[in-house]
Amino acid sequence: LNDMRWARMRQFGVLHGSPSSIGSRPKTLQDWQQLYLKNKTYLHGLSKVTLQYAQKGPGNTGARHFKYDLLPPLVYWNKHIVFRTIKVPTGRSTVTLEDASGKEETVDVAGKPSQDILNVLLTRSKRDSA
């Protein structure tokens, strides 16, 4: 791989369960390739996604983990969608989704793990594209 692709691949988060990188960032090129391709997810029917989360407090951990681990691959693979993150001092975590027609929907994701937040995006995306 050329240096540019290698740099792009390194922007993604932690590859959980990888033999050479359990609990840490991938160390080998094969681990990075596995992570890069594993996170190839397309969101259809959405034009804007806004994640609002608090920097402290109960119920915001999943949103913070989502921002650092799962959001970078979504941004990379979905160049047509505007992604925005808003960090507030206190409050509840929400995701605001805007479809291609301009209709907005706000989903409360406080207390949800990062994978559940991703599932919310995927189900809304499939519903909008149908």
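This note comments on a predicted model of one chain, with attention to strand E3 and the strands paired with it.

1. Overall architecture. The chain comprises 4 helices and 4 strands. Their order along the sequence is α-α-β-α-β-β-β-α.

2. Burial and surface. The chain has 130 residues, of which 38% count as buried. Its exposed area is about 7600 Å², and carbon and sulfur atoms contribute 52% of that area.

3. Contacts across the sequence. Among contacts in the chain with a separation of 6 or more, 62% are between residues 24 or more positions apart.

4. Enclosure of strand E3. Strand E3 covers residues 94-99, and 6 of its 6 residues are buried, so the strand is largely enclosed by the rest of the structure. Buried here denotes a relative accessible area under 20%. Thr94, Thr96 and Glu98 point one way from E3, whereas Val95, Leu97 and Asp99 point the other way; all are buried. The buried residues of E3 thus include the acidic side chains Glu98 and Asp99.

5. Pairing with E1. Strand E1 (residues 46-54) runs antiparallel to E3, and 6 bridges join the two. In this pairing, leucine 46 lies opposite aspartate 99 of E3.

6. Pairing with E4. E3 also pairs with strand E4 (residues 104-108), again in the antiparallel sense, through 5 bridges. Threonine 94 is placed opposite aspartate 108 of E4.

7. The E3-E4 hairpin. The hairpin formed by E3 and E4 has 4 residues between the strands. Within this hairpin, glycine 102 adopts a positive phi near 100°.

Technical notes: Residues numbered from 1 in each chain as written. Predicted model: local features only at pLDDT ≥ 70, side-chain atom pairs only at ≥ 80, totals over all residues. Heavy atoms only, no water. Buried < 20%, exposed > 50% of the residue type's maximum accessible area, 1.4 Å probe, protein only. Pairing = 2+ DSSP bridges. Contact = heavy atoms within 4.5 Å. Areas by Shrake-Rupley, 256 points an atom, 1.4 Å probe, with all protein chains shown as cover.
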